Amino acid sequence: MKRWTQINNFPIRYKLIFHFLLISILPIFCLALLVSWTVERVMEEQVNDNTIQLIDKVNETFEFYISNLQNYTYMIANNDEVQQFLETSEIDPAVLSDNKYEIQRFLRDFTAVSSEVAGIMVVNHKGDYISNELYAPSVMELTEASWYQEAVNNQGIFKIIGRPMERRLNSIVDYQNDDVVTVVRAINDPFTEEVQGVVLIDLKLRVIAETVKDVTLGKSGYLMVMDDNGNNIYQPTQPILDKVPLSWIGDELSGVFSKKIKGKQIQFIYQRSPFANWVTVGVFPAEESVFGLREINFYLVVFIFIIMFFGIPVSYFLSHSISKPIVQLMSFMRKAEGGNFNVRYQEKRYDEVGLLGRSFNKMLIKINELMHITERQERQKRDAEFRSLQANINPHFLYNTLDTIQWMARKQQANDVAEVVESLAKLFRIGLSKGRDVILLKEEIEHIESYLTIQKTRYRDKLNYQIEVEDSIKDKAVLKFILQPIVENAIYHGIKERRGPGHIFIHAKQLDQQIAISISDDGKGMSKQQLLDMRIALANSIASTENPEETRNKKGYGMLNVQARIQLTHGEDYGISIESMEDKGTTVTILMPILNEPDQEREQ
């Protein structure tokens with residue numbers, strides 16, 4: 001009995017090592033040597049040869065389709081009606097209409113006979129075009145399109161562009177740019193070598209996909225096709241990797257290489273198409289077998305059966321010694337899952353299972369403590385939400401009351417009172433903003449206009465302001481309450497301190513992908529030391545606002561708060577910069593990125 005107790009106290013890893021050495025590791029090691037010695041080289045050669053043959057067949061199919069398209073471009077260029085369309089500078093409209101009809105009927109024959117053709121377009125040197133399937137926007141000059149220029153630069157030689165990008169041609173049958181492969185050829189005058197026009201033909205990507213998609217390499221391998229620039233012509237929907245760099249392939253016509261991708265060794269077999277200059281690549285995990293090896297599998301099964309016949313008794317004993325305490329611990333875990341956190345693991349063991357049991361007991365104790373803490377926090381959270389709800393009732397009630405007062409003042413012809421109350425109501429309405437932190441720039445401008453209207457009523461002719469905002473950024477999103485603290489500083493520390501009337505200028509404009517808002521005043525300004533102190537405070541605004549009780553009464557606290565909010569939201573590349581001269585005035589510039597929409601739903 002003492003001996004079995006000592007075995008139970010052995011670390012579980014030692015028992016597992018003994019088990020695997022006796023039952024699995026040595027036989028599997030011998031089997032691996034046998035399989036790798038007899039199969040590896042034969043398997044690799046067969047896979048490479050068969051894959052090259054498959055790729056060669058696929059390339060032949062590609063070249064057949066591309067060759068047909070090349071022949072079509074010559075046939076179209078030599079057609080009499082097409083020549084007339086390309087050569088004639090002035091033509092009677094009736095004759096031109098008949099000519100276009102004959103050309104369209106001629107082009108329709110190609111698309112009717114060749115199902116792989118998605119569309120054909122003939123463009124002359126003036127930008128006029130004829131097509132049954134394709135059309136261009138009226139504002140687009142086709143002779144300036146990239147595909148037209150590529151055809152011209154190729155000097156009448158057939159050119160495969162591949163999958164076209166940003167060519168801005170539309171298809172009547174709703175073929176998108178990603179659904180076709182485009183080929184072009186310029187038509188030159190045989191005597192003057194001047195470009196008369198360009199023939200463009202779209203090949204349906206579907207015919208390439210149908211040729212490649214049914215070819216599988218092993219369980220998860222596949223074929224993919226790239227153009228001479230390394231762009232994917234075709235790849236399956238769930239590829240092993242999105243793109244094969246051309247630097248991996250090199251300039252050879254064919255080859256084999258392997259790369260380690262995401263922890264797996266991936267085999268690549270490629271071959272170039274000399275006609276289309278496309279590269280067809282076979283991609284498959286190196287460990288996958290393409291062909292079944294029945295004889296090897298038979299010997300493997302027999303070998304494993306013999307191992308199991310002799311290993312089952314020992315395996316059973318060792319498995320029982322390992323699984324019994326684990327099953328017991330699992331039963332306690334199930335009780336804990338059911339909500340009983342008072343269970344405890346009691347067996348005294350010193351192996352990994354015993355350590356796990358003691359850790360399980362500590363975990364249950366910790367869970368009980370956390371549950372009590374969470375319950376207390378939830379009560380505090382509910383109390384805080386209730387207080388927040390009560391706090392939100394007062395601003396809404398005040399906003400509605402101000403709206404009523406404004407209506408009554410207008411009824412009594414007290415327009416100046418109504419204007420102030422209306423501005424204050426707008427101030428509250430935008431301030432509430434359904435709890436949003438981000439609003440439209442025009443709403444922020446409306447908020448500051450309401451604030452200035454109220455201040456104008458107080459200061460009369462001493463305060464004058466002007467606001468200019470570019471139309472292109474009025475509907476862009478900005479943080480809420482970024483202008484009011486700065487304008488307030490301009491009034492109380494600038495305009496108020498100067499003699500005579502003062503002016504505030506607010507200008508918002510777009511700089512690249514940024515919004516720049518400047519607030520300038522001709523007030524008292526700052527001394528050099530005050531300006532330096534303010535710049536230092538702005539540079540440390542985030543740290544300052546983390547202790548609001550210490551900085552709330554300091555000059556410029558509102559501006560520091562704005563700076564901290566901007567930098568916490570958008571990063572330290574954005575925020576407030578300030579320039580000032582004593583007795584001349586102050587200019588504050590706010591720089592923010594352009595946001596398309598507020599991060600929450602707009603007010604209706």
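Here are three short exercises, with worked solutions, on a predicted model.

**Exercise 1. Get a feel for the whole chain: how many helices and strands does the chain have, and what share of the residues counts as buried?**

Step 1: Start with the secondary structure, which comes to 16 helices and 20 strands.
Step 2: Now look at burial. The chain has 604 residues, and 39% of them count as buried.
Step 3: Then check the surface. About 36000 Å² is exposed, with carbon and sulfur atoms supplying 54% of that.
Step 4: Finally, take contacts between residues at least 6 apart in sequence: 62% of these join residues at least 24 apart.

**Exercise 2. Find the largest nonpolar core: which residues touch the most other members?**

Step 1: This core has 44 residues, and the ones touching the most other members are Leu69, Ile76, Ile201, Ile208 and Trp278.
Step 2: Ask who contributes. Helix H2, residues 12–77, gives the most, with 10 residues.
Step 3: Zoom in on Ile208. Skip its neighbours within four places in sequence, and Ile208 is in contact with Phe62, Val181, Leu203, Ile233, Tyr234 and Trp278.
Step 4: Don't stop there, as another core lies apart from this one; it has 40 residues, including Val438, Leu452, Ala477 and Ile495.

**Exercise 3. Track down Val469: which strand holds Val469, and what is Val469 in contact with?**

Step 1: Val469 sits in strand S15, which covers residues 463–469.
Step 2: Ignore neighbours within four places in sequence, and you're left with contacts to Leu441, Ile445, Lys474 and Ala508.
Step 3: Now compare sequence with space. Val469 and Gln510 are 41 residues apart along the chain, and their C-alpha atoms are separated by 9.4 Å.

Key:
Residues are numbered from 1 along each chain as its sequence is written. This is a predicted model: local features need pLDDT of at least 70, side-chain atom pairs count only at pLDDT 80 or more; totals for chains, interfaces and linings use all residues. Side-chain values use heavy atoms; hydrogens and water are left out. A nonpolar core is a set of buried Ala, Val, Leu, Ile, Met, Phe, Trp, Tyr and Cys residues joined through side-chain atoms within 4.5 Å. Buried means under 20% relative accessible area, exposed over 50%, partly exposed in between (1.4 Å probe, protein chains only). Helices (H or I, at least four residues) and strands (E, at least two) are DSSP runs, numbered from the N terminus. Contact means heavy atoms within 4.5 Å. Accessible areas come from the Shrake-Rupley method with a 1.4 Å probe; for residues, only the protein chains shown count as cover.
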